[in-house]
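Subject: Protein-DNA model, handover

Hello,

Please find the structure below, followed by notes on where the protein meets the DNA.

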2 protein chains.
Amino acid sequence: MAIDPDAEIDHGAPLTPYRQLAEILRARIRRGDWAPGRAIASETQLVQQYGLARSTVRRAIAVLVESGEVFTVPQRGTYVAEKPSSEAI
Amino acid sequence: MAIDPDAEIDHGAPLTPYRQLAEILRARIRRGDWAPGRAIASETQLVQQYGLARSTVRRAIAVLVESGEVFTVPQRGTYVAEKPSSEAI
DNA sequence: TCTGATTTGTCCGTATGTATG
DNA sequence: TCATACATACGGACAAATCAG
């Protein structure tokens, strides 16, 4: 059961908003919205797109950083990590 | 993994443009585009070649000045430093 | 001496994005 | 939600010095 990359945040769902967003972003990366090495949407854009607080968006990103799927560069943005065993650039 | 001397600036990359340019210039010097004691391209030329603001170009040059790879002469240009332990002039 | 082109030096303001409270 | 701070990037403007003619 894959998560819908185009899903929206459901504040009434059992899963907390930040976990929902983490799953959505994960699905969007898998779909190819942002290629490895490229920046995902900025925090400001995600705040506007999903109607969440900045702190919530940052928490969602932190989940993906924790799992090594993305990495944040200070004063630059959040980037999709390169796949471990995949085709070279 | 050597940096490509012919690379272009990628504004979407994690590395900031001025750092990218610093690496490119470093690679070009190593390649021999400009010999030790010779002036590298002027700030204006670099602005045109790489599509960056002059302040960004200057910041990139500052990186190389900081590391002693080049030195700037006011109203003259930026020159490639002589190699520390190399053949004399 | 003068003029114009070139080059670096310096400052301004605006915008974006993250970091923090 | 709001505010502030910091780093980065861009664009513009002007100054000062150099050099060629």
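At least two residues each of the surface near DNA strand C come from helix 3 (54-66) of chain A and from helix 3 (54-66), strand 1 (70-73) and strand 2 (77-80) of chain B. Helices (H or I, at least four residues) and strands (E, at least two) are DSSP runs, numbered from the N terminus; a residue is near a strand of DNA if one of its heavy atoms lies within 4 Å of it.

This is a predicted model, in which local features need pLDDT of at least 70 and side-chain atom pairs pLDDT 80 or more, while totals for chains, interfaces and linings use all residues. Residues are numbered from 1 along each chain as its sequence is written, chains are lettered from A and ligands numbered from 1 in the order in which they are written, and side-chain values use heavy atoms, without hydrogens and water.

DNA strand C has 19 residues around it, with A:Arg54, A:Arg58, B:Glu43, B:Arg54 and B:Gln75 nearest. Of the strand C atoms within 4 Å of the protein, 59% belong to sugar and phosphate. Bases are also contacted: a polar side-chain atom of B:Arg54 is 2.7 Å from a base nitrogen, and a side-chain N or O atom of B:Gln75 is 2.6 Å from a base oxygen.

Around DNA strand D there are 14 residues, and helix 3 of chain B gives the largest share, 4 residues. Phosphate oxygens of strand D lie 2.5 Å from a polar side-chain atom of B:Thr56 and 2.6 Å from a backbone N or O atom of B:Pro17.

Regards

Conventions
A polar contact is a pair of N or O atoms within 3.5 Å; within protein, one must be able to donate a hydrogen and the other to accept it, and residues adjacent in sequence count only if both atoms are side-chain atoms.
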